Number of protein chains: 2
Amino acid sequence: MTTPAATVDFWFDFASTYSYPAAMTIETEAARRGVAVNWRPFLLGPIFADLGWQSSPFNLQPAKGRYMWRDMERICAGLDLGFRRPDPFPQHSVRAARIALVGHGEGWGPAFCRALFHAEFAGGADIANETTLHAVLRGVGADPGPVLAQSGEPAVKEALRAEVEEARRLGIFGAPTFLAGAELFWGFDRMEAALDWAAGRRPL
Amino acid sequence: MTTPAATVDFWFDFASTYSYPAAMTIETEAARRGVAVNWRPFLLGPIFADLGWQSSPFNLQPAKGRYMWRDMERICAGLDLGFRRPDPFPQHSVRAARIALVGHGEGWGPAFCRALFHAEFAGGADIANETTLHAVLRGVGADPGPVLAQSGEPAVKEALRAEVEEARRLGIFGAPTFLAGAELFWGFDRMEAALDWAAGRRPL
């Protein structure tokens, strides 16, 4: 009997603000604990729509939105990460998520995710824009033309739909969410708790 | 010119789950940093009602609610705090909040708050119940009869309404919320960040 390696599933949406600092720091924090990270891009939009929400709660609840933008500034400053408020917010993240799924099969998935988050939240780039996607793909050593073509294929679209369904099944209601074994941890603030849990440091 | 003492305003609702671990730990964490705590009981209900919500988001969003109960178990276990899910949830906290305001003028306010949170979330007591309130008041050295009478006076009711209005004005949308200078920090997970900020350890 072998012990499976400690892993955390990192569920994120490219449109999600707090997913940005998580994406930029999770590998370092995970490595420090001997934990592996599974990058799981998904879409929050369909899950919000289940609740009748047509936009981000940060837009639907103005006080919460104002808080979040200030909190992001503080968090990014503390981590020495650039931060610009993307316009529009939230960004359309479906194409980016499909590309990330293609990248998982080719080895550049996590690098693409980090570079796209950086372009979006440090650079203010529109992540649905073809030029942005081309530049980020080239930056991680991928060939933009074939990748973008593949990302539009039915199998990739279906794979992303299946990921959203899996997120629903797991009870995921926001991003980032971290899954350690059967335990969910929601929010960037709980990332280290999830990694600790996966590494065997558990309060229960 | 004197430097004002570092303080954090701790805004909480007795019905709020995550306010419980905050109430039980904030004085220790604040003292460690030389920070003073202003206990600010208020009511989230009117603020949720502004958004059209007639109950807690943990009831309105079942996945978020299921997550919260498990997360509370983990957090309380990690802090060695007892935990029982109160029934009903959320509890009716208006009377408790008025009593806490009376207590602020008499010196037993924070002790009452901690004891009532403990009765509610470790003991499963109904905090709107007269017997519960009597027992907790006696436990902190207050005389239940006069205190309960005073808590029903117009001036105390008005003081609580003014606190809710102040919370709204500050942009508070959940509990616990910590105010350090002009900076809001929302959630038990951000309590230490707020105390650090008040103590002068600031990323910005």
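Here are some worked exercises on this two-chain model, which is predicted.

**Exercise 1. Work out how chain A is superposed on chain B, and which surface the copies use to meet.**

Start with the general idea: two copies of a chain are related by a rotation about an axis and a shift along it. For this pair, the rotation is 180° and the shift along the axis is 0.0 Å, with an RMSD of 0.0 Å. The two copies are thus related as by a two-fold rotation axis. Want a landmark for that axis? In chain A, look for Asp189(A), whose C-alpha is the nearest to the axis at 3.1 Å.

Now the surface. Of the interface residues of chain A, 100% are interface residues in chain B too, so the copies meet through the same surface.

Finally, check the arginines. Arg74(A) sits over the face of Phe185(B), 3.8 Å from the ring centre. Going the other way, Arg74(B) lies over the face of Phe185(A), also with 3.8 Å to the ring centre.

**Exercise 2. Lay out the sheet of chain A: its strand order, its edges and what lies across it.**

Step one is the order. The open sheet has 4 strands, running β2-β1-β3-β4, and its pairing is mixed. Step two is the edges: β2 (36–41) and β4 (183–186) each pair on one side only, which makes them the edge strands. From one strand to the next, the twist averages 25°.

Step three is a look at one pairing. β1(A), residues 7–12, runs parallel to β2(A), and 6 bridges join them. Within that pairing, Val8(A) is opposite Val37(A).

Step four adds a helix. α1(A), residues 19–32, lies across β1, β2 and β3 (177–180), and runs at about 160° to β2(A).

**Exercise 3. Follow Phe178(B) across the strands: which residues stand opposite it?**

Begin with β1(B) and β3(B), an antiparallel pair with 3 bridges. Here Phe178(B) of β3(B) has Phe10(B) opposite.

Next, move to β4(B), which runs antiparallel to β3(B) and is joined to it by 4 bridges. On this side the bridge partner of Phe178(B) is Phe185(B).

What about the side chains along β3(B)? Phe178(B) and Ala180(B) point one way, Thr177(B) and Leu179(B) the other, and all are buried. To finish, take the turn: the hairpin of β3(B) and β4(B) has 2 residues between the strands, and Gly181(B) takes a positive phi near 60° there.

**Exercise 4. Decide how enclosed helix α10(B) is, and say what its buried residues pack against.**

Count first. The helix covers residues 191–198 of chain B, and 6 of its 8 residues are buried, so it is largely enclosed by the rest of the structure. Those buried residues are Met191(B), Ala194(B), Leu195(B), Asp196(B), Trp197(B) and Ala198(B).

Then find their neighbours. From chain A comes α4; from chain B come β1 (7–12), α1 (19–32), β3 (177–180) and β4 (183–186). Just past the helix, Gly200(B) takes a positive phi of about 95°.

**Exercise 5. Classify two of the aromatic pairs in chain A by their geometry, then by burial.**

Over all chains, the count is 40 aromatic pairs. Take Trp69(A) and Phe83(A): their ring centres are 6.2 Å apart and their planes stand at 35°, so this pair is tilted. The two residues are 14 apart and link distant parts of the chain, with Trp69(A) in helix α4(A) (residues 62–79) and Phe83(A) in the loop between α4 and α5 (94–106). For burial, the cut-off is under 20% relative accessible area. Trp69(A) counts as buried at 9%, whereas Phe83(A), at 23%, is partly exposed.

Now try Trp108(A) and Phe112(A). With 5.8 Å centre to centre and 75° between the planes, they are edge-to-face. Both are buried. They also belong to a cluster linked by ring pairs, whose members include Phe10(A), Tyr20(A), Trp39(A) and Phe178(A).

**Exercise 6. Place Thr132(A): buried or exposed, and touching which residues?**

Thr132(A) is in helix α7(A), residues 130–139. Its relative accessibility is 13%, so it counts as buried. Leaving out residues up to four places away in sequence, Thr132(A) touches Leu116(A), Ala119(A), Ala125(A), Asp126(A) and Ile127(A).

Terms used: Residues are numbered from 1 along each chain as its sequence is written. Chains are lettered from A and ligands numbered from 1 in the order in which they are written. This is a predicted model: local features need pLDDT of at least 70, side-chain atom pairs count only at pLDDT 80 or more; totals for chains, interfaces and linings use all residues. Side-chain values use heavy atoms; hydrogens and water are left out. Rings of Phe, Tyr and Trp (its six-membered ring) pair if their centres lie within 6.5 Å; planes under 30 degrees apart count as stacked, over 60 as edge-to-face and the rest as tilted. Buried means under 20% relative accessible area, exposed over 50%, partly exposed in between (1.4 Å probe, protein chains only). A charge sits over a ring if NZ of Lys or CZ of Arg is within 6 Å of the ring centre and within 35 degrees of the ring normal. Contact means heavy atoms within 4.5 Å. Copies are superposed by least squares on the C-alpha atoms of residues with pLDDT of at least 70 in both. Two strands pair if DSSP finds at least two bridges between them. Axes are lines fitted to C-alpha atoms, for helices over the stretch in contact, and angles run from 0 to 180 degrees between N-to-C directions.
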